[in-house]
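Colleague: Could you put the model up, so we can go through its backbone oddities, aromatic contacts and cavities?

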Amino acid sequence: MNREPSKHTMQRELEFPQYPYRPLPREAGAEEECGLFGIYGNADAATHTALGLHSLQHRGQDSAGIVAYDGEQFHSHRALGLVGDNFGSPDIMDRLEGNVAIGHVRYSTSGESVLRNVQPLFAEFKFGGLAVAHNGNLTNAHTLRHELVQRGCIFQSTSDSENIIHLVAISEYGQVVDKLTDALDQIEGAYSLVAMTQKKLIGLRDPYGVRPLVLGRLSNSHILTSETCALDIIGAEFVRDVEPGEIVVIDDKGLHSLKPFRKRPERFCIFEYIYFARPDSVMEGKNVYAVRKAIGAALARESYIDADLVVPVPDSGVPAAIGYAAQAGLPFEFGIVRNHYVGRTFIEPTDQIRHLGVRLKHNANAAHLSGKRVVLVDDSIVRGTTSIKIVEMLRTAGASEVHMRISSPPNTHSCFYGIDTPKRQELLAAQMDVSGMAKHIGVDSLSFISIDGLYQAVCGASRDGDTPQYCDACLSGEYPIPLTDREHEPAPTLLTLLDESN
Ligand code: SF4
């Protein structure tokens, strides 16, 4: 092992050629956010972290990074692209030595998709090194950044997560956990975070608990990660969810829990159940697949229509379609087949073939559709462009009727809490009512699950109008956490308005 002999805490960025990066083709809808993994007290910390990140790949495909600590040095490898492309080499894994590691997969909801924004971020302080990986969105990041720059802080990235590093650096508290608490006290937004120092692995969730974080155990190793599927892949057991506003500190004395923040009403992201999380994960005590089936069943009760078969938009529409079909007593068929190998290795569409669009990913299974009245189930409609192409595909394949059923209420507002949704004016449901949307998409009928139907399926109770049990801001327009940066945004000029209308 070729070690840098000098500074005790010095971070070595492993120098490997970057995989030639080309972003994955994206659907014109909401995209996932980020995935976190951290492990303490394991001889194969980096390997377990890479496996954990691999199972969290659905939460972000722009970049991946791991930082490990071997008792003397931090080692890191961060790169644009997928986990498998960047952490498949034994050379890289051998050099990520240590029994503590944290990792991150990223979808760039804020900041550009460039290497300097890839997490975990790392900085040297008086107390030693600190690596931080973050999932979510800070709603006062620009306001804070402006203040920090005024105070002389020099930012290395455009990621809003770097605010946390600078706030820790200028905190006057003595201990690292107190510095971190002090930093987060000044931050608004929805976030989960894992961090590591030479001696500690730290995990926390924002006081509203919008983004997930769970605690797991593998023999004597403690694990913090975004979803339970990342525990399953390494054979670890689920211990519990990290609670909203809780800081979990793991060191050689064991695990300690702190709750230093003012208590806030809990607002877990309801879209984790509808779309974002992997169906085999358990979130807040509920299996995501079972919840999605229950939503599909509720949708069938609310908007049953006589038809020949139920077809999901794969993959995310599958569990809700299974629930719908069972409740409606209709056959379930894979009337659309998804190509899982559309990725970076495939040619990017040129302008000449871009109109093929969705066919790169989905194809109609015509033998099962010809002459059939189809109930098409999807999880959401964002801009509506994908829905138009899928409906057109079903009709071309011979479907005699297409009735679309959506397992979320209309998506009328943008998310500012870590999910990359388009601007409000680009959301189809913000522009027209349901019958207008049906006409626009070209279906014979269109129905969305009601907000109460959704809540009943998720938690067995109607939405509490005064204090909703979940964050549903993208469906209701009721934002539980202040949108400070937006309030401070300058009013749009005539030029920007014209620009946006083009
Ligand atoms: Fe989740 Fe929607 Fe809230 Fe964003 S606005 S955190 S997507 S429920």
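Colleague: Which residues form one aromatic cluster together with Phe 268?

Modeller: Keep in mind that this is a predicted model, where local features need pLDDT of at least 70, side-chain atom pairs count only at pLDDT 80 or more, and totals for chains, interfaces and linings use all residues. Residues are numbered from 1 along each chain as its sequence is written, and side-chain values use heavy atoms, with hydrogens and water left out. Rings of Phe, Tyr and Trp (its six-membered ring) pair if their centres lie within 6.5 Å; planes under 30 degrees apart count as stacked, over 60 as edge-to-face and the rest as tilted. By that rule, the partners of Phe 268 in the cluster are Tyr 273, Tyr 455 and Tyr 470.

Colleague: How many aromatic pairs are there, and what kind is Phe 332 with Phe 334?

Modeller: The count comes to 11 aromatic pairs. For Phe 332 and Phe 334, the ring centres are 5.2 Å apart and the planes stand at 85°, so this pair is edge-to-face.

Colleague: And what about Phe 416 and Tyr 479, what kind of pair is that?

Modeller: This pair links distant parts of the chain, 63 residues apart: Phe 416 is in the loop between strand S22 (401–406) and helix H12 (428–431), and Tyr 479 is in the loop between helix H15 (473–476) and helix H16 (484–487). Helices (H or I, at least four residues) and strands (E, at least two) are DSSP runs, numbered from the N terminus. With 5.6 Å centre to centre and 50° between the planes, the pair is tilted.

Colleague: On to the backbone: which residue follows Gln 119 through a cis peptide bond?

Modeller: As a rule, most peptide bonds are trans. Here omega is near 0°, and the residue in question sits in the loop between strand S5 (100–106) and strand S6 (121–125). That residue is Pro 120.

Colleague: What is omega for the bond from Pro 314 to Asp 315?

Modeller: Asp 315 is found in the loop between strand S18 (309–312) and helix H10 (318–328). The bond is cis, with omega near -5°.

Colleague: Ser 219 has a positive phi, so is it buried or exposed?

Modeller: Phi is about 45° at Ser 219, although it is not a glycine, and the residue lies in the loop between strand S10 (214–218) and strand S11 (221–225). Buried means under 20% relative accessible area, exposed over 50%, partly exposed in between (1.4 Å probe, protein chains only). At 60%, Ser 219 is exposed.

Colleague: What is the relative accessible area of Glu 284?

Modeller: Glu 284 also has a positive phi, about 50°. Its place is in the loop between strand S16 (282–283) and strand S17 (286–287). It is partly exposed, with a relative accessible area of 26%.

Colleague: Last one: what is the volume of the largest cavity?

Modeller: On a 1 Å grid over the protein atoms alone, a cavity is a set of points where a 1.4 Å probe fits but cannot get out, and lining residues have an atom within 4 Å of a point. Grid points are joined across faces, edges and corners, and a volume is the space filled by probe spheres set on the points. The search finds 5 cavities of 30 Å³ or more, and the largest holds about 130 Å³.

Colleague: Which residues lie closest to its centre?

Modeller: The largest cavity is lined by 17 residues, with helix H8 (271–276) and H15 each supplying at least two. The closest to the centre are Cys 269, Phe 271, Cys 415, Ile 419 and Cys 474.

Key: On a 1 Å grid over the protein atoms alone, a cavity is a set of points where a 1.4 Å probe fits but cannot get out, and a pocket is an open set with protein on both sides within 12 Å along at least five of seven lines; lining residues have an atom within 4 Å of a point.
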